[in-house]
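The following questions and answers examine how descriptive terms are justified from computed values. Please consult the sequence and structure as you read.

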Amino acid sequence: MIANDPIIIVGGGLVGASLAIALDTAGYPAVLIEAAAPRPGAQPSYDERNLALARATVNGLKAIGVWELAASRATAITDIHVSRAGDFGSVRMSAAAEQVDALGWTLPARELGEALLRRLDTCRHLTRIAPGRVGAIEANDAGWTVEVQTPEGIRRLATPLLVGADGTHSQIREQLGITARTHDYDQTLIVCTMTPERDPRGRAFERFTDAGPVAVLPLADRRVGMVLTVAGALGEDVAAMDDAAFTAFAQERFGWRLGRLSRPGKRHPYQIRRVAADALVARRAVVVGNAAQTVHPIGAQGFNLGLRDALTLSEMVTAATDPGADALLADYAARRQSDREGTMAMSHGLVRLACLEQPFLGPLRSLAMLAFDRVSPLRHAMARRGMGFRERAPSAVREPTP
Ligand SMILES: Cc1cc2nc3c(=O)[nH]c(=O)nc-3n(C[C@H](O)[C@H](O)[C@H](O)COP(=O)(O)OP(=O)(O)OC[C@H]3O[C@@H](n4cnc5c(N)ncnc54)[C@H](O)[C@@H]3O)c2cc1C
């Protein structure tokens, strides 16, 4: 029977693993195929980047039994301060004003990855193939047959629904014939931890400068996660700076809101590209997470958006008789459209507007920021979006009723 044939998920990154766990939570059979070995440190995205997880995301991770394995390593974000160097306005959002305990949480991706791996170990309806790399895929009457290269040899598996969760450079997307638009920001993101003189006490900062945006996230032990955007050509030079030069650079870019910065950790550079698939679904196939859309990390939306993909898909297929039916996939694509387009436009627009140097834009931006800060319905709406709440969101991310 089609309904009981396992869904195949290609890619066990943050989104693919979350989808596999969500399906398992609902008792639905799936196969998760991941190219890297299933141990901490082996998977490319289970690394040192510090993730800002929206409140809705944490609701979703709680619903699938992942958060309880990660919560002790997370730091609550109680306030967010958005400003631009040289402009007079700023926007502040606070958990207290929204009557919640936190707007979101920060967690190193490595820690979330470890929690996902531990939770995957307890799944009862899931088959995991790792390491296993999907090569050729072939359409058949009932769905797809995929070829997996494993250390033991080649395996062939059939599925009524193929999910491409294989990241930005998704080979599944390409094999399905789904085209994608790419925008190279010509920027490098430098990620590291630092220790500020003043305890951030749950405050996260987003500061825009002519040279690119900077985000500072509160972490455990009074540290902060620093995310610096630099022009592509400077990326390697900045990553290679010694501690003193890098500290001076970071201080100049972020300013003095947290006093003197010190003790920079190892610097990790990332090249930034925006990739948007032209379609989310094909015949008996769907792409999710970064394979569907990769956004600029400075808005901290990529995983938050990808988890909503995964939880929406899980909610819809577990309620259906045929997980790969055309109508179901068309409904899925329609349901994800507004969140996806809105979040992509916000992430892209934020970077572009905040980085434009035209002098007349400064006062406009300042006024816009002042308006957001002073007009409480606007600020509230922005805070709700920042917390990851969207129309037609999967039920798992909604606020539990008291
Ligand atoms: C510096 C930085 C900071 C970020 N900060 C935030 C943040 O604060 N908040 C936020 O929400 N998001 C953030 N993001 C974005 C977030 O990390 C990504 O959106 C997320 O990792 C996407 O997960 P994914 O599972 O879709 O893809 P990936 O994590 O890239 O996983 C894809 C997986 O597929 C596997 N794979 C690929 N090809 C195959 C194949 N043929 N066969 C089998 N397996 C395959 C790979 O090994 C990999 O494990 C940040 C990103 C960066 C770079």
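Q: What covers the buried residues of α7?
A: In this predicted model, the cover includes β13 (180–196), β14, β15 (214–218), β16 (224–231), α6 (235–239) and β17 (261–262). The buried residues of α7 themselves are F246, T247, F249, A250, Q251, R253 and F254.

Q: Why is F254 called buried?
A: A residue is called buried when its relative accessible area is under 20%. The value for F254 is 2%, so F254 is buried.

Q: How many residues does α7 have, and what span is expected of the helix?
A: Helix α7 has twelve residues, and 16 Å is expected at 1.5 Å a residue. From the first C-alpha to the last, α7 reaches 16 Å, close to that expected value. The helix is followed by G255, whose phi is positive, near 90 degrees.

Q: Why are F205 and F254 called an aromatic pair, and what makes the pair edge-to-face?
A: Two rings pair if their centres lie within 6.5 Å, and planes over 60 degrees apart count as edge-to-face. The rings of F205 and F254 are 5.4 Å apart, centre to centre, with 75 degrees between the planes, so both conditions are met. This pair links distant parts of the chain: F205 belongs to strand β14 (residues 203–208) and F254 to helix α7 (residues 243–254), 49 residues apart. F205 also counts as buried, at 5% relative accessibility.

Q: How many aromatic pairs does a search of the whole structure find?
A: The search finds two aromatic pairs. W67 and W105 form an edge-to-face pair, with 6.0 Å from centre to centre and 65 degrees between the planes. Since the limits are 6.5 Å for pairing and 60 degrees for edge-to-face, W67 and W105 satisfy both, and the name therefore applies.

Q: Where in the chain do W67 and W105 lie?
A: W67 is in the loop between α2 (55–63) and β4 (75–77), whereas W105 is in strand β7 (residues 104–108). They are 38 residues apart, and their pair links distant parts of the chain.

Q: How do you know whether W67 and W105 are buried or exposed?
A: The relative accessible area of W67 is 6%, and that of W105 is 13%. Both values are under 20%, so W67 and W105 are buried.

Q: Why is α8 described as largely enclosed by the rest of the structure?
A: Of the 17 residues of α8, 14 are buried, and the helix is therefore largely enclosed. Helix α8 (residues 302–318) reaches 24 Å from its first C-alpha to its last, close to the 24 Å expected.

Q: How do you know that the span of α4 agrees with the expected value?
A: At 1.5 Å a residue, the 13 residues of α4 should span 18 Å; the end C-alpha atoms are 18 Å apart, so the two agree. The buried residues of α4 include L112, L116, L117 and L120.

Q: Which residues line the largest cavity?
A: The lining consists of G12, L32, E34, A36, P38, Q43, Y46, L117, L120, R128, I129 and A130. Helix α4 (109–121) and strand β8 (126–129) each supply at least two of the lining residues. By class, the lining has eight nonpolar, two polar and two charged residues. The space in this cavity is about 70 Å³.

Q: What makes the peptide bond between A130 and P131 noteworthy?
A: The bond joining A130 and P131 is cis, with omega about 0 degrees. Most peptide bonds are trans. P131 lies in the loop between β8 and β9 (133–140).

Q: Why is D186 called exposed?
A: Exposed means over 50% relative accessible area. D186 has 53% relative accessibility, so D186 counts as exposed. This residue, in strand β13, has a positive phi near 50 degrees and is not a glycine. Most residues other than glycine have a negative phi.

Q: How do you know whether R263 is buried or exposed?
A: The relative accessibility of R263 is 64%, which is over 50%, so R263 counts as exposed. R263 is in the loop between β17 and β18 (268–277), and its phi is positive, about 45 degrees, although R263 is not a glycine.

Conventions: Residues numbered from 1 in each chain as written. Predicted model: local features only at pLDDT ≥ 70, side-chain atom pairs only at ≥ 80, totals over all residues. Heavy atoms only, no water. Helix = DSSP H or I, 4+ residues; strand = E, 2+ residues; numbered from the N terminus. Expected span 1.5 Å × (residues − 1). Buried < 20%, exposed > 50% of the residue type's maximum accessible area, 1.4 Å probe, protein only. Phe/Tyr/Trp six-rings, centres within 6.5 Å; stacked < 30°, edge-to-face > 60°. 1 Å grid on protein atoms, 1.4 Å probe; cavity = no way out; pocket = protein on both sides within 12 Å on 5 of 7 lines; lining within 4 Å. Points joined across faces, edges and corners; volume = space filled by probe spheres on them. Nonpolar A, V, L, I, M, F, W, Y, C, P; charged D, E, K, R; others polar. Contact = heavy atoms within 4.5 Å.
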